[in-house]
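Good morning, colleagues. Please take a moment with the sequence and the structure before I begin.

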Amino acid sequence: MKTVYHAADTRGEAHHGWLHSRHTFSFAGYHNPQRVNFGALRVINDDHVAAGMGFGTHPHHNMEIISIPLSGDLAHRDSMGNGSVIRSGDIQVMSAGTGITHSEMNPNPDQDVKFLQIWVFPREKNVTPRYQQITLANDIAQQDFQQILSPTPDDEGVWIHQDAWFSLAKFSDGFKKAYQLKQADNGVYAFVIEGRAKIAGQELATRDGLGIWETDNFTVESIGNSEILLMEVPMNF
């Protein structure tokens, strides 16, 4: 087993007045040659958008883009004709493929929005762009790994054009469970949304990350109550 640990306070940081963002991997003005990606996982941005503000219309192509709201509301519009609001408990995915434009705005005049924006390299380029949004709030299992993303539309959660599986874990103090990788040669990037945990022998605090590869399983143990996002992705693609 190999691991790489990224403490929360070592992430890149951007302040734009209306936006405070922390970057696990190189993004925009933050470049760290040691942190460009973890296998097919290219971006984890921890974004905090001020009330009434947001990202104006901008383009993407050949990327799988996943948004997970943590608090507040995020209004989405895109060139495919989709218009929606995502909230805590939802997950949204766009396959940018041949190219899309979209905007992400905080529609509330008095409440900030916090969300994770995650990019994954696709296994094939120039697919037809697509959009998907589902609500997870009533489905997240306690004391288990709840799958929220997979490579197939017939499985649980949303799906993307990559052999990737995302799971959310909400564990109480002292609960321990082994995660079994779905595919040989994949790795898992664990990101602690809230709380503390010991993962593959490494203790992590809120917003810490740990990449794990060259193994078929590892153990997650909660220290206090915790919420953890596990992102299993190909290491070679």
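In what follows, a salt bridge is a side-chain nitrogen of Lys or Arg within 4 Å of a carboxyl oxygen of Asp or Glu. By that definition, this structure, which is a predicted model, holds ten salt bridges. The general principle is that side chains of opposite charge can pair when their charged atoms come close.

I shall begin with a group of linked residues. R11, D46, E194 and R207 are joined in a network of salt bridges. Within this network, D46 pairs with R207, and their closest N and O atoms are 2.6 Å apart. D46 belongs to strand 4, whereas R207 sits in the loop between strand 18 and strand 19, so that 161 residues separate the two. R207 also meets E194 in a salt bridge, at 3.7 Å from N to O. Because E194 lies in strand 17, this second pair ties together parts that are 13 residues apart in sequence.

Which members of the network are buried, and which are partly exposed? D46 has a relative accessible area of 10% and R207 one of 14%; both count as buried because the limit for that class is under 20%. R11 is buried as well, at 9%. E194, at 42% relative accessibility, is partly exposed.

Let me turn to R11 itself. This residue is located in the loop between strand 1 (2-6) and strand 2 (12-15). A polar atom of the R11 side chain lies 2.9 Å from the backbone oxygen of A8. Beyond its neighbours within four places in sequence, R11 contacts several residues, among them R22, H23, R35, D46, F191 and R207. With the corresponding neighbours set aside, the contacts of R207 include A8, R11, L70, F191 and V192.

For contrast, consider a pair outside this group. The side chains of K177 and D144 form a salt bridge at 3.8 Å, N to O. K177 is in strand 16 (residues 176-180) and D144 in the loop between strand 12 (130-135) and strand 13, 33 residues apart. K177, at 29%, is partly exposed, and D144, at 30%, is partly exposed too.

Finally, the nonpolar interior. The largest nonpolar core has 26 residues, and L41, I66 and F166 are among those with the most contacts inside it. Elements giving two or more residues to this core include strand 4 (41-49), strand 17 (186-199) and strand 20 (217-234). A second, separate core has 17 residues, including V192, L204, V220 and L230.

Note on methods:
Residues are numbered from 1 along each chain as its sequence is written. This is a predicted model: local features need pLDDT of at least 70, side-chain atom pairs count only at pLDDT 80 or more; totals for chains, interfaces and linings use all residues. Side-chain values use heavy atoms; hydrogens and water are left out. Helices (H or I, at least four residues) and strands (E, at least two) are DSSP runs, numbered from the N terminus. Buried means under 20% relative accessible area, exposed over 50%, partly exposed in between (1.4 Å probe, protein chains only). A polar contact is a pair of N or O atoms within 3.5 Å; within protein, one must be able to donate a hydrogen and the other to accept it, and residues adjacent in sequence count only if both atoms are side-chain atoms. Contact means heavy atoms within 4.5 Å. A nonpolar core is a set of buried Ala, Val, Leu, Ile, Met, Phe, Trp, Tyr and Cys residues joined through side-chain atoms within 4.5 Å.
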